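Me: I would like a close look at a single part of this structure, set against the overall fold. Please pick one residue and go through its surroundings.

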Amino acid sequence: MTPPGDARHAVGTARPTGGSARAVTRTLSDDPLGGTARRTVLPSGLRVLTEAIPAMRSVSFGIWVAVGSRDETGPQAGAAHFLEHLLFKGTHKRGALEISSAIEAVGGETNAFTTKEYTCYYARVLDEDLPLAIDVMCDLVADSVLEPADVETERGVILEEIAMHDDEPGDEVHDLFARAVYGDHPLGRLISGTVETVTPMTRRQIQGFYQRRYVAPQIVIAAAGNLDHTAVVRLVRQALRGTPLDTDAAAPAPHRPATPVVRTRAATTVVEKKETEQAHVVLGCPGIDRLDERRFALGVLNNVLGGGMSSRLFQEIRERRGLAYSVYSYASQYADSGLFGVYAGCAPSRVQEVLELTRAELARTAADGITEAELARGKGMSKGAFVLGLEDTGSRMSRLAKGELLYGDLMPVDELLDRVDAVTLDDVNSLAAELLGRPMSLAVVGPFGEFDFTG
């Protein structure tokens, strides 16, 4: 039932354009490691990408929306994540139980997640049940009701989720690090929002976010598995016909622009005092953005520094000295910025030693670079992780969507492997000198007061 005053989420008057308007289709690749990838742009600007993999008996189907927590204003913080929860609570055709039971009744699974730059709703089902998954998932994304009672129920669920996150210092420290680097910029905020922003958030605010942001040109639908592209497009158009996503002709939205450049804070130290058994630390700095050509060199460098059990940091801090159970480096990349960090969890009494060793290793790598043997190992790890990650339909579906949504193109597997192979020792060492020579911010969660972590 439509709540009183519900405008339904639309960017114009929803009308059935799907039956006669022209869609544009092209083949993206014939991947020897998978199947044929194709892309269709619907008249509304919504894009449908598929990869046909006949050897599979399952299909992963995802609806990706180019909106995340960085698209919120301060008072809206958490709106994208709140909306992700609410879309499963009911549409004009189905209630919450009907949505979940429809997929579970055929042995499928469905879920969603929100990031800083996009939101994804997905289902994985047997190939024969793909029509059902398309109908259910398109319905919940395109035509949700957002009942006032459901807003209140999910508000409680989200507040519990925030509390649970606060009880996980190993996760919290990464958010603290992002805030140390980005400050009040949306990239520095919690994806979930905070108790202070979620508690007063109204249905009207969430509905307005839904209306403005969930529009056809901002949406990519991706599917991978045993499927037929033409059939998927037909089923998507049928499922969206007459909904607010069945709109007048529009061009697809371009991928998120990289300007203006995100300003980051000067290097700082942030400490969250908690009576934990372990100290959790992240030491790092601003990194490179998603389209930077050095991203392949960064992948190799990250592998060498802290990407596995053979990495420098793991060997020095865990294997040789036994100072930490978990230690690794990582890189996060956004449209116009990025982060590079090293995480370690250790006994509070050992945190200074761990930080000294980490700083020394980063300084040594910045000054001296890596070796030819490490270069080869780092490349092998990058290529192996990528290819092995493509051995299920979910990862292939994600690759399709991210290629379209984040890069505006789908890089063939062989080309990506060639790009990794093309990374030279000079490429990595030049990047290491620049990146690891930057002033480092530090985030700490643990049983500390006004403790001096600088130096």
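**Arg70 and its surroundings**

Reply: The model is a predicted one. A compact globule of 455 residues would have a radius of gyration near 23 Å, and the protein chain agrees with this because its own value is 23 Å. Along the principal axes, the C-alpha trace extends over about 65 × 50 × 40 Å. The chain contains 15 helices and 12 strands.

Some totals for the chain give the background. Of the 455 residues, 54% are buried. The exposed area comes to about 19300 Å², with carbon and sulfur atoms supplying 52% of it. When contacts between residues at least 6 apart in sequence are taken, 81% of them join residues at least 24 apart. As for charge, there are 47 positive and 62 negative charges, and their mean positions lie 5 Å apart.

The part chosen is Arg70. Arg70 sits in the loop that runs between strand β4 (58-65) and helix α1 (79-86). Is Arg70 buried or exposed? Its relative accessible area is 13%, and since the cut-off for buried is under 20%, Arg70 counts as buried.

Which residues does Arg70 touch, apart from those up to four places away in sequence? The list consists of Lys116, Glu117, His185, Pro186, Leu187, Arg256, Val262, Tyr334, Ala335 and Asp336. One of these, Pro186, is 116 residues away along the chain, yet the C-alpha atoms of Arg70 and Pro186 are separated by 4.6 Å.

Two members of the list also make polar contacts with Arg70 through side chains. The side chain of Glu117 is in polar contact with that of Arg70 at 2.7 Å. The side chain of Asp336 is joined to that of Arg70 by a polar contact of 3.0 Å. Arg70 counts as a positive charge, and Glu117 and Asp336 count as negative.

For a second point of reference, take Phe314, which is placed in helix α10 (residues 312-320). Phe314 is also buried, with a relative accessible area of 8%. Leaving out neighbours within four places in sequence, the contacts of Phe314 are Gly308, Met309, Glu319 and Val327. Between the C-alpha atoms of Phe314 and Val304, which are 10 residues apart along the chain, the separation is 9.9 Å.

To return to the part chosen: Arg70 is a buried residue in a loop, with side-chain polar contacts to Glu117 and Asp336.

Methods
Residues numbered from 1 in each chain as written. Predicted model: local features only at pLDDT ≥ 70, side-chain atom pairs only at ≥ 80, totals over all residues. Heavy atoms only, no water. Helix = DSSP H or I, 4+ residues; strand = E, 2+ residues; numbered from the N terminus. Rg over C-alpha atoms; globule rule 2.2 N^0.38 Å. Buried < 20%, exposed > 50% of the residue type's maximum accessible area, 1.4 Å probe, protein only. Contact = heavy atoms within 4.5 Å. Areas by Shrake-Rupley, 256 points an atom, 1.4 Å probe, with all protein chains shown as cover. Charge placed at Lys NZ, Arg CZ, Asp CG, Glu CD. Polar contact = N/O pair within 3.5 Å; in protein donor to acceptor, adjacent residues only side chain to side chain.
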